[in-house]
Structure formats: C-alpha cells, structure tokens
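Please look over the sequence and the three-dimensional structure shown here before reading on.

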Amino acid sequence: MTVETASETRRQAAGLSRDDQLVEGPLKGYHHETYAFPLPPENPLRARFARGKLREPRPGLLWFDCRSFVSEDRLLIALQGRIERIPECVPVEEQLFLQGFIEGSTLGSGPVRSRTLSTRHADQLGQLFRELVGIKAGELEHVDRACMREDKPEDGDSTAFLNRLIHFTEEKVYGRHADQFGTLFEELGVNSAALEGLRTRSEKLTSRPFTLIHGDLHWHNFIVDGADDLWTIDWELAMIGDPLYELATHLHLMRYPRREEVRIARLWRTEVESAHPGCSVGWDEDLPHLLAYKRIQSVFTDVIRTALALGPGPEPDRLMLPRAAAELQRVLAAAQDLQSRPNVPTLRQVMSAYTSWFRSSAP
C-alpha cells in the first residue's frame, strides 16, 4: 500500500508504530477499519500488551443494530476494573484512542465443530454475564450516548425495550432500504408483517432491571489467549437494556446444539441472578419472544448484506452465489414461523431472486 492510497487510519497506525512495515491490517471486521502494530517502549500500554490496535468506524456504513454509545473506546475506558478480560484503552489524542491487542485466536477459529464450550470457557462466560449485569442503568451516564431519547425506555420496561428494537429494524433497516431492495424483499417473501406480529405477541414481557449488554457475543468476538483465558472484544453494539436480550443474542449467534443451549441458558440464569437479583425473572416465558426478534432481524439484515457481498453488479458473484444463497435460505427457514410466505424459497429461487435483482436494480 503506497502513501497515496493509504487511509487516514492506516497513516495514523504507521505513525504510532514508527514502522509502517510492521503494521498489520486492515483486520477483518464489519464496523471498523482496524490495524495492529508493535507498541514503542514508551507507550503506556507496553507494560501489558506487545501490540496495540487502532480502530476507526468505517465511513458510510450501513448499521443493522441500534447503537447506544458514541465511542466504543470511551466505553472501554469506563469499564476498566469492572469487567476483567477486555482490551485496555488509552487516549492518544483528543479523538484518537489506542487499544491493547489481545494475542491469541478467536474462539471461532479453533475446534468448534462440536459447538460446545469447555468447562473453563463456560465458567469465564458466566463471569462475564455476572460482570455485565453488575453495571446497572444510570452508572454509565457519563459516557456519551448515540441513541435518541425515545430509544431509551424507562428502566425495567422490557416490553418497551423490545418494541424499540422492532421499531429500529422496521424503520432503519427495512423501511430505509425498501426503495433499493424492495423487489428483492418481495421476491423472497420478506415484509414488515412479521415485525408487527411479533410486536403484538410481545405486549406483556416481564419487567427486569436494565443493565449493560454487550449485544454481540459470538464466536469471533471472544479471543482465547495463550493461558486459555477468554477475552471479550468489539463493544460497539453495547447498550443499556433488558439483560435477557444478551442471552437471546448470544444463543442466536452461537447456534449451539440443543443440549449446549440449555446448559448456557441455565448458566446465564444462575450467574445473573446471583449478581443482580431480578435480572432473570420471567426469563423462560420471555426468551422465545426475544429469540423470535433475533431470527426475523437476521432475515432483513442478511438479505441486504448478501446483496452487498455479491456485488457490485450487474451480475452477482457467481462463485459466491451458491454458498451465500444457501446461508440465506437457512436464515429464512429459521424465521419461517414468523413470516407470511407459506414455503421457504428453494436454493434455486434464492439464487434467481438475486440474479434478477442485480440485473434490474443493482448499481
């Protein structure tokens, strides 16, 4: 990469590392442009980390989830000493922060075909659940928020919390992109009726005290270090809300086998109730509603993400199309009970829908 073509974030990383040849990146990730590099001796993170990580939000990004905090870095600073295994973060300039780079591999890059956690990692996940619910609504008011006032329901109003999530998906994901992706939505049988039905069925959720939620706990946001300890990274989707949403999101993203899903759900209940009594009340009755939201949210977001991944047009990437269509078909099937279309589109129908959309609509 030449100086002329390097991004501003890359140039900042090169300056902080003092050796452009040692800068690694951009690392894989949707929300941020990220680079890792060795830390010079005088850097305040050097005592604990061999490398640093510079992350900046990607401009013009499509957001498919509500954002609560303006700055992931400022949130991490506020969480130091409250949550044990997270990246340490220090300010470099007024609006520039550097995180310690956790050396290791993602939990998703190891032997995860069984989709189960070791006893050690399950215990450390339980510790994370305890630490999260230990941070109550109101304790992070000094960290700047990105959400509007109407997106902050009263503490404990679990129904209003879910309704705001539904509204975000309905307005900011489906509605905002209907002009561009409307014909694709229609051909795949995707519309907002599923969200309205979910809203109606979820009118009386149990009240639970609001706490901090990571909001994106999946295989690749856990780093296993050399000591086999589990670290949690990528806090950009963190929010304050119903702690049961954390469990629903985690189970949805991890896709555990049924026995492991039951084990982790019980672990969550035990740990959060011991740390913050009342956080798990009504969890078994309400969890299906939150899981249903995650399934239908995935339909809307994955239809768009798949279109973007297959482009640019005028034809979809023929090598990627079969695999991408198969994954989307799985997402559509998982949410079939929430949709009005009587049958899940076949693989051929999904591929045909994208081919037609690219030919007629894609830039």
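The report below describes two sheets, a pair of helices and some single residues.

This is a predicted model, in which local features need pLDDT of at least 70 and side-chain atom pairs count only at pLDDT 80 or more, while totals for chains, interfaces and linings use all residues. Residues are numbered from 1 along each chain as its sequence is written, and side-chain values use heavy atoms, with hydrogens and water left out.

**The four-stranded sheet**

Helices (H or I, at least four residues) and strands (E, at least two) are DSSP runs, numbered from the N terminus, and two strands pair if DSSP finds at least two bridges between them. An open sheet of four strands follows the order S1-S2-S4-S3, and the pairing is antiparallel. S1 and strand S3 (89-93) stand at the edges with a single partner strand each, so one side of each is left without a neighbour in the sheet. From one strand to the next the twist averages 30 degrees; for such angles, axes are lines fitted to C-alpha atoms, for helices over the stretch in contact, and angles run from 0 to 180 degrees between N-to-C directions.

Strand S1 (residues 32-38) is largely enclosed by the rest of the structure, because six of its seven residues are buried, where buried means under 20% relative accessible area, exposed over 50%, and partly exposed in between (1.4 Å probe, protein chains only). Glu33 has Glu56 in S2 as its bridge partner, and Cys89 stands opposite Gln99 in S4.

Helix H1 (residues 8-17) packs on this sheet and touches S1, S2, S3 and S4, its direction making about 15 degrees with that of S1. Helix H2 (residues 72-79) also packs on the sheet, touching S1, S2, S3 and S4, and its direction makes about 55 degrees with that of S4. Contact here means heavy atoms within 4.5 Å.

**The three-stranded sheet**

Another open sheet, of three strands, has the order S5-S7-S8 with antiparallel pairing. Strand S5 (105-106) and strand S8 (230-232) stand at its edges, each with a single partner strand, so one side of each is left without a neighbour in the sheet. Thr106 stands opposite Ile223 in S7, and helix H3 (residues 119-133) lies across S7 and S8, running at about 35 degrees to S8.

The table lists strand pairs with their bridges.

| Strand pair | Sense | Bridges |
|---|---|---|
| S1 and S2 (residues 51-57) | antiparallel | seven bridges |
| S3 and S4 (residues 96-100) | antiparallel | four bridges |
| S5 and S7 (residues 222-224) | antiparallel | two bridges |

**Helices H5 and H11**

The axes of helix H5 (residues 178-187) and helix H11 (residues 347-360) come within 10 Å and cross at roughly 155 degrees. The two helices are therefore roughly antiparallel to each other, a label used for angles over 145 degrees, whereas those under 35 count as roughly parallel, 65 to 115 as roughly perpendicular and the rest as oblique. Gln180, Phe181, Thr183, Leu184 and Glu187 of H5 make the contact with Ser352, Ala353, Tyr354, Ser356 and Trp357 of H11.

**Single residues**

Thr355 lies in helix H11 and is buried, with a relative accessible area of 10%. Leaving aside neighbours within four places in sequence, Thr355 is in contact with Glu315, Pro316, Arg318 and Leu321.

Asp284, found in helix H9 (residues 283-310), counts as partly exposed at 47% relative accessibility. Asp284 and Pro40 are 244 residues apart in sequence, and their C-alpha atoms are 50 Å apart in space.
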